[in-house]
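Good morning, colleagues. I would ask you to look at the sequence and the fold on the screen, and then I shall go through a few regions in turn.

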Amino acid sequence: MDTQLKEQAIALYHANVAIANSLKMAERRKEELEFLNVLAHQIVSDSTYEEVLVKLLDLFASTFKATFALVLLTHERKIISNPTHTWCQSQQANDCIQEGKEAIAFLSTVVIQQDNEWQLKPYLSSDGKRQVGRLFIHLSDNHVRGHLVCFDLARTELNMDFLTILNTARDLVISGLKRRLFEVKVVKRNQLLQDSMADLERLQAKLIHSEKMASLGQLAAGVAHEINNPVGFISANSDILKEYVSDLEQCVKKLRDVCLDRSSSSEAFTRIYQQYELDYILSDMHDILAANHDGLGRIKDIVSGLSTFSHPGELKKGPVCLADCIKISLQLVANQLKYLHVVENTLPEVLPAIHGNVGQLQQVFVILMVNAMHAMPEGGTLTFAHALDETSLTLIISDTGCGIAPEHLSQIFTPFFTTKPVGSGTGLGLSITHSILEAHNATISVKSELGSGTQFHLKFKLL
């Protein structure tokens, strides 16, 4: 009976031990699965590359019950820098730093071995023998490798199941960090693209302004003539007004004497009044002042148009009446048009507003007008018309010039394309016109026939 009880007790003991081992193993598996779950969560999170490394250090060190952990970079089997990230369980940071220095000296002899596996190596620290674990992770390209290293491990077994967990962890880490490195590269490339786009926009703005100044140079003589005409007759009128003022002064003196002389009759007053032709002077002075006012208005409009046209400032947009824009642009080229060309402007005084920048739109119209004049060297007709629907306004600018060859129609908006002789054109006018209209959400199309003229359609969205 005693023997039977003893055997049952032994069997029960072994069963309890087996159950305890099973529970311990199950608890270990649970910890390992939780470790992998947390690791996977960190890998797929939105954390930055730096944040992930810090969290990985904490996760590995706490899972393997280490007191100190760090990340090292190696190249060609040599440690190439101080630890990029460190983790320390103790509050005594100086102790950890000292221990880290000792560990790095030791690692320089073992870190080159078995790059793709977890390792456990003993090393002799200042207070005795410690265990070092190391897991290879991918941190960058060009054969630079990262090593996550944990010191003073409480958990040191390396059975097959545990190695499988470690290898899975390694693959997750490598995959996650590669993705983050790729994301960093994408962000840098995007920033480079944005910087390049900003540079291109600045260059385009400079190019547009340079072409504008070139156009202004071509118009300078005509604009000067347009300003000189009213200045000339204002100057002549001023000379006449000066003579009138002199006559008026003399007349007023004589009339004053007549008034003071009580013996003088009304006939004397009338004779002086007629002698200086006061009725004519007063009437003519009104006409002269009106003409001067009109001339000064023309000068003001031309100068205002030039100022708007040449201003290189920011692209500030607002409501624009295209009829006014055409009118101002015509003033800038009026002197070149008026001798050989007929302008037929059928646009109403007021058109529905569009959203745009007056200066840039003026540049578009001046370019098209100047091109039309060049296409009609012997003279011709330049016509402005429009078409209107519920959502858009189309300006139609046509000339009776030489036209454009069919094989050139597809190239006229290409930068630097020109059919003019060398030195007569930059080939940028229509290209810049196309770019400006694109920036205004407008379109431009062309119809042309050799010998019959060209017609441009500019379609704008209404406000």
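I begin with a hairpin: β12 and β13 are joined by 3 residues, and in that turn Gly451 has a positive phi of about 85°. Please bear in mind throughout that this is a predicted model. The two strands of the hairpin pair in the antiparallel sense, over 7 bridges. Within this pairing, Glu449 stands opposite Gly453 of β13.

Let me now widen the view to the sheet. In what order do the 5 strands of the open sheet run? The order is β8-β10-β11-β13-β12, and the pairing is mixed. At the edges are β8, residues 341-345, and β12, each of which pairs on one side only. From one strand to the next, the twist averages 15°. Returning to β13, this strand also pairs with β11, in the antiparallel sense and over 8 bridges. Two positions show the register: Thr394 has Lys459 of β13 as its bridge partner, and Ile396 stands opposite His457 of β13.

Which strands does α7 touch as it packs on the sheet? Helix α7 touches β8, β10, β11 and β13, and its direction makes about 170° with that of β8.

I turn next to the nonpolar core. The largest one has 41 residues, of which Leu322, Phe365, Leu395, Leu458 and Phe460 touch the most other members. The elements that give two or more residues to this core are α7 (322-337), α8, β10 (380-388), β11 (392-399), α9, β12 (443-449) and β13 (453-461). Helix α8 gives the most, with 9 residues. Phe365 deserves a closer look: leaving out residues up to four places away in sequence, Phe365 touches Leu322, Cys325, Ile326, Ser329, Leu395, Ile397 and Leu458. There is also a second, separate core, of 28 residues, which includes Val52, Ala61, Leu148 and Leu166.

The next topic is a pair of helices. Helix α8, residues 358-375, packs with helix α9, residues 429-439, at an angle of about 150°, and the axes are 10 Å apart. In passing α9, α8 makes a left-handed crossing. On the α8 side, the contact is made by Gln360, Gln363, Val364, Ile367, Leu368 and Asn371; on the α9 side, by Gly429, Leu430, Ile432, Thr433, Ile436 and Leu437. By class, this contact has 7 nonpolar and 5 polar residues, and no charged ones.

Staying with α9, the buried residues there include Gly429, Leu430, Ile432, Thr433, Ile436 and Leu437. Is Ser431, in the same helix, buried or exposed? Ser431 counts as buried because its relative accessible area is 9%, and the cut-off is under 20%. Neighbours within four places in sequence aside, Ser431 is in contact with Phe413, Thr414 and Pro415. Just after α9, Asn441 takes a positive phi of about 55°.

Finally, I move to another helix. Ala291 is found in α6, residues 278-310. Ala291 has a relative accessible area of 29%, and is therefore partly exposed. In sequence Ala291 is 61 residues from Pro230, while in space the two are 8.9 Å apart, C-alpha to C-alpha.

Thank you for your attention; I shall be glad to take questions.

Definitions and conventions: Residues numbered from 1 in each chain as written. Predicted model: local features only at pLDDT ≥ 70, side-chain atom pairs only at ≥ 80, totals over all residues. Heavy atoms only, no water. Axes fitted to C-alpha atoms, helices over the stretch in contact; angles between N-to-C directions. Helix = DSSP H or I, 4+ residues; strand = E, 2+ residues; numbered from the N terminus. Left-handed = near helix turned anticlockwise from the far one by under 90°. Contact = heavy atoms within 4.5 Å. Nonpolar A, V, L, I, M, F, W, Y, C, P; charged D, E, K, R; others polar. Core = buried A, V, L, I, M, F, W, Y, C linked by side-chain atoms within 4.5 Å. Buried < 20%, exposed > 50% of the residue type's maximum accessible area, 1.4 Å probe, protein only. Pairing = 2+ DSSP bridges.
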